[in-house]
Amino acid sequence: MVLFGPPAAAALSPQVVAPAPFGVFHDLRWLLVYHSSWFGFAVALWLILVLRTTLDVVLTRAAWPQAIEVPRWREHLRASVTFTAVQAVVLLPFAALTFSMAVTSLSWLFYVAVPVLVMIGLLVHHGTVERTWLRDAPNRASVTSLLWAFAILTGGGAVIAVSPSWARPAIAAVVGVGIAWSRARMVHALAGRVVTRTRRQPFALVGIAAVVVLVVVGTALGFAVAVAVESGRTQLPEVRSDASGPPVLVVKGFNSEWDGVTRRWVDGRHRIARFSYAGLDEQGRPRPYDRGATHGSIRSLVHAMRRQVAELRRATGAPVSIVAESEGALIAQAYMAGTPNAPVRALVLLSPLVEPGRVHYPRLGHEGWGVVTGTVTDGIAGALGWIGPVDVSSDTPLFRSIVNEEPALSRLLRCPPPAVRSFVVLPLDSGVSAPAPVEIGFRHAVVPAFHGGLLGDRTTQDLIRAVLRGRSSHGSGFWSFSADVVNAGAAAWQAPSLVLSLEPSWDARLDDAPCRAVRDEIRTWLD
């Protein structure tokens with residue numbers, strides 16, 4: 001990985017020898033990114049099934065207590081291949097969520113995929129040792145061993161992510177020793193034990209079903225809470241007609257909606273205008289819009305922002321400040337990069353998407369890197385649409401444009417616009433969706449909040465006010481350090497990035513290109 005792979009993927013490497021289900025989860029994430037056809041996916045999946053089964057059996061038998069008879073090779077392999085196949089089927093949707101997170105940089109996908117991985121692991125990890133894993137529960141010692149393995153992989157991945165390249169193999173070796181210890185401890189806790197059955201229900205099957213129900217219900221409740229919070233924010237006071245301060249364009253994020261009433265999203269007497277994803281009407285006024293309007297392509301939305309900034313500049317006679325959140329922040333960055341001499345006084349980005357589009361998938365019906373994953377994520381998107389207000393697909397223009405223009409869009413956060421006062425406010429959880437360490441060229445601060453929840457946050461309002469008034473602004477060093485720790489801790493559980501040179505539609509020259517080249521690429525793409 002250090003020599004040939006994507007740099008951030010080194011944090012995943014120790015999971016090659018991880019116990020179930022972490023090893024299968026590792027394999028699936030690589031497979032979902034690095035396949036270029038349905039046939040290739042099927043062949044690679046079969047190879048993974050064979051190799052993962054063989055490796056788990058070899059390592060389990062190596063850890064077997066000497067005083068207890070080892071199962072016959074053939075019986076052990078036969079039971080283990082079934083167990084590995086079940087893991088792959090159960091974990092595939094959650095591995096696909098890490099792929100989706102690499103596309104969209106939405107941190108809440110991490111909070112579904114990784115906790116579910118751990119819960120499933122607690123239910124089924126004894127399958128490499130016991131043939132009756134579907135029916136019998138593990139014991140306390142094996143459960144604690146699995147948790148130790150998760151902690152070692154997380155901590156080891158964090159250290160690898162922030163260490164120089166030359167030190168990473170040695171660190172991985174130390175992590176490997178820790179994983180070997182946890183596996184041996186687990187095998188010793190399970191091998192040869194006698195289970196007294198007090199239940200007729202298959203333990204693992206019932207437990208997995210309960211986890212799925214928990215995910216569905218939790219997701220539905222999460223959407224309901226998000227809608228309730230957003231409804232509370234829309235009750236902010238309306239903008240006063242006598243406001244005389246500098247103009248500010250407020251840009252909300254993905255899946256937002258607007259009733260046409262402009263409210264005081266930014267403190268002070270600013271002349272606030274709301275960016276409309278539906279564009280301007282015949283009189284030059286922003287139109288109300290529904291959630292579907294936020295699903296447009298980055299290119300079309302940047303053109304809409306150009307028109308709305310120009311109209312606000314004309315109507316007020318003053319340069320415009322932009323306060324943009326989440327998807328809106330990406331649109332604002334692309335607008336600034338692709339619009340020389342934009343009439344913008346200040347730019348404040350809230351919860352920006354950190355390195356979006358690190359993987360690829362082709363249009364539906366076409367072959368290419370990630371072709372199967374595009375179909376899987378389509379199914380997940382359909383399920384989300386069934387339980388919540390997110391009606392999207394893998395070919396939604398927003399996601400399609402992020403994937404197509406990845407090399408430039410993912411590097412915008414490293415390139416603040418020249419000659420414009422700019423600032424970034426990051427929520428504490430931003431780092432879970434991006435490789436460590438995150439590279440940010442803007443002056444920035446971290447606040448204790450979640451993605452997409454900053455526009456109504458009091459601490460964030462203070463930072464916005466300082467930037468718009470031309471004062472220096474800075475955040476807490478403690479929260480900045482905490483964000484770095486979170487970023488490093490999540491490194492082991494993300495999907496690997498696709499190497500730029502492998503995808504013909506990407507310009508690999510932008511990998512380490514200066515900001516001027518990134519802006520030129522965005523300008524060419526937009527025009």
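Q: Taking a salt bridge as a side-chain nitrogen of Lys or Arg within 4 Å of a carboxyl oxygen of Asp or Glu, how many salt bridges does the structure hold?
A: The structure holds 20 of them. This is a predicted model, in which local features need pLDDT of at least 70 and side-chain atom pairs count only at pLDDT 80 or more, while totals for chains, interfaces and linings use all residues. Residues are numbered from 1 along each chain as its sequence is written, and side-chain values use heavy atoms, with hydrogens and water left out.

Q: OK. What does the side chain of D267 meet?
A: D267 meets the side chain of R458 in a salt bridge, at 2.6 Å from N to O. The two sit 191 residues apart in distant parts of the chain: D267 is in the loop between β1 (247-251) and β2 (271-274), and R458 is in helix α13 (residues 458-468). Helices (H or I, at least four residues) and strands (E, at least two) are DSSP runs, numbered from the N terminus.

Q: Is D267 buried or exposed?
A: D267 has a relative accessible area of 19%, so it counts as buried. The cut-offs are under 20% for buried, over 50% for exposed and partly exposed in between (1.4 Å probe, protein chains only).

Q: And E355, which side chain does that one pair with?
A: With R414, in a salt bridge of 3.8 Å, N to O. That pair also links distant parts of the chain, 59 residues apart, with E355 in the loop between β4 (344-350) and α10 (371-387), and R414 in the loop between α12 (406-409) and β5 (421-427).

Q: How accessible is R414?
A: R414 is partly exposed, because its relative accessibility is 24%. E355 is buried at 13%.

Q: What about R411, which side chain does it meet?
A: R411 and E406 form a salt bridge at 3.7 Å, N to O. Both residues are buried.

Q: Which residues make up a salt-bridge network?
A: D27, R52, D56 and R183 are linked in one.

Q: Switching topic. How many helices and strands are there?
A: The protein chain has 15 helices and 6 strands.

Q: How do β3 and β4 run relative to each other, parallel or antiparallel?
A: Parallel, with 6 bridges joining strand β3 (residues 320-325) to β4. Strands count as paired if DSSP finds at least two bridges between them. One bridge pairs V320 with V344 in β4.

Q: Why is β4 described as largely enclosed?
A: Because 6 of its 7 residues are buried, β4 is largely enclosed by the rest of the structure.

Q: What about overall dimensions, what does the C-alpha trace span?
A: About 85 × 50 × 45 Å along the principal axes. The radius of gyration of the protein chain is 25 Å, which agrees with the value near 24 Å for a compact globule of 527 residues. That radius is taken over C-alpha atoms, and the globule rule is 2.2 Å times the number of residues to the power 0.38.

Q: How much of the chain counts as buried?
A: 53% of the 527 residues. The chain exposes about 22600 Å², with carbon and sulfur atoms supplying 62% of that. Accessible areas come from the Shrake-Rupley method with a 1.4 Å probe, and for residues only the protein chains shown count as cover.

Q: Which residues form a nonpolar patch on the surface?
A: F39, V43, W46, L47, V50 and L51, with about 630 Å² of accessible area together. Patches are made of residues with over 30% relative accessible area and no salt bridge, joining like charges within 9 Å and nonpolar side chains (Val, Leu, Ile, Met, Phe, Trp, Tyr) within 5 Å.

Q: Where is V50?
A: V50 lies in helix α2 (residues 38-62). Its relative accessible area is 35%, so V50 is partly exposed.

Q: Now contacts. What does A204 touch?
A: Leaving out residues up to four places away in sequence, A204 touches L123, V124, W133 and L134. Contact means heavy atoms within 4.5 Å. A204 lies in helix α7 (residues 203-233) and is buried, with a relative accessible area of 0%.

Q: Which residues does S401 touch?
A: On the same basis of excluding residues up to four places away, S297, I298, L409 and W525. S401 is in helix α11 (residues 397-404) and is buried at 7% relative accessible area.

Q: And T104, where is that found?
A: In helix α3 (residues 73-104). T104 is buried, with a relative accessible area of 10%, and beyond four places in sequence it touches L109, L353 and F399.
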